[in-house]
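Let us walk through this structure one helix at a time, beginning with the residues that are hidden from solvent and ending at the surface.

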Amino acid sequence: MMGSLLALAGGWLLAYSSRKLSRAEAKWAAMGLPGAVAAAALVWLWGRMDGRWGTPIPEHGMKDALGDVWPITVRTAAVASALFLLWRARRR
């Protein structure tokens, strides 16, 4: 897991420091998309806490719920950033 996190952080650092992308595109690829995915994961957990959707989180089960959502969130953020960078690379 740690190797993957280091690779992901390195990829986002490379995207952020890219000279081929505009500053706005680089920031969006490295911080905006991962932040949006993290916010969506927090909204998902909030909805589960209130019993709005999904299985309700037990009173002392937030640690387990975060542990379940964390890997999916990180992978989704990485895929979203990669797709954005691929899209920007093909448009030029």
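In this predicted model, the buried residues of helix H3 are Ala-65, Val-69, Thr-73, Val-74, Ala-77, Ala-78, Ser-81, Phe-84 and Arg-88. In reading such a list it helps to recall that an α-helix has 3.6 residues a turn, so residues three or four places apart point the same way.

The helix that carries these side chains has 30 residues, and H3 reaches 42 Å from its first C-alpha to its last, which is close to the 44 Å expected at 1.5 Å a residue. Along its course there is nevertheless a kink of about 30 degrees at Val-69, shortly before the proline Pro-71; Val-69 is itself among the buried residues of H3.

Thr-73 also belongs to H3, which covers residues 62-91, and this threonine counts as buried because its relative accessible area is 14%, under the 20% cut-off. Which residues does Thr-73 touch, once those up to four places away in sequence are set aside? The contacts are with Val-37, Ala-38 and Ala-41. In addition, Thr-73 and Ala-40 are 33 residues apart in sequence, while their C-alpha atoms are 8.8 Å apart in space.

Turning to the surface, Trp-46 lies in helix H2, which runs over residues 23-49. With a relative accessibility of 40%, Trp-46 counts as partly exposed, and together with Val-43, Trp-44, Met-49 and Trp-53 it makes a nonpolar surface patch of about 490 Å².

Key. Residues are numbered from 1 along each chain as its sequence is written. This is a predicted model: local features need pLDDT of at least 70, side-chain atom pairs count only at pLDDT 80 or more; totals for chains, interfaces and linings use all residues. Side-chain values use heavy atoms; hydrogens and water are left out. Patches are made of residues with over 30% relative accessible area and no salt bridge: like charges are joined within 9 Å, nonpolar side chains (Val, Leu, Ile, Met, Phe, Trp, Tyr) within 5 Å. Accessible areas come from the Shrake-Rupley method with a 1.4 Å probe; for residues, only the protein chains shown count as cover. A salt bridge is a side-chain nitrogen of Lys or Arg within 4 Å of a carboxyl oxygen of Asp or Glu. Helices (H or I, at least four residues) and strands (E, at least two) are DSSP runs, numbered from the N terminus. Buried means under 20% relative accessible area, exposed over 50%, partly exposed in between (1.4 Å probe, protein chains only). Contact means heavy atoms within 4.5 Å. The expected span of a helix is 1.5 Å times one less than its number of residues. The bend at a residue is the angle between axes fitted to the seven residues ending there and the seven starting there.
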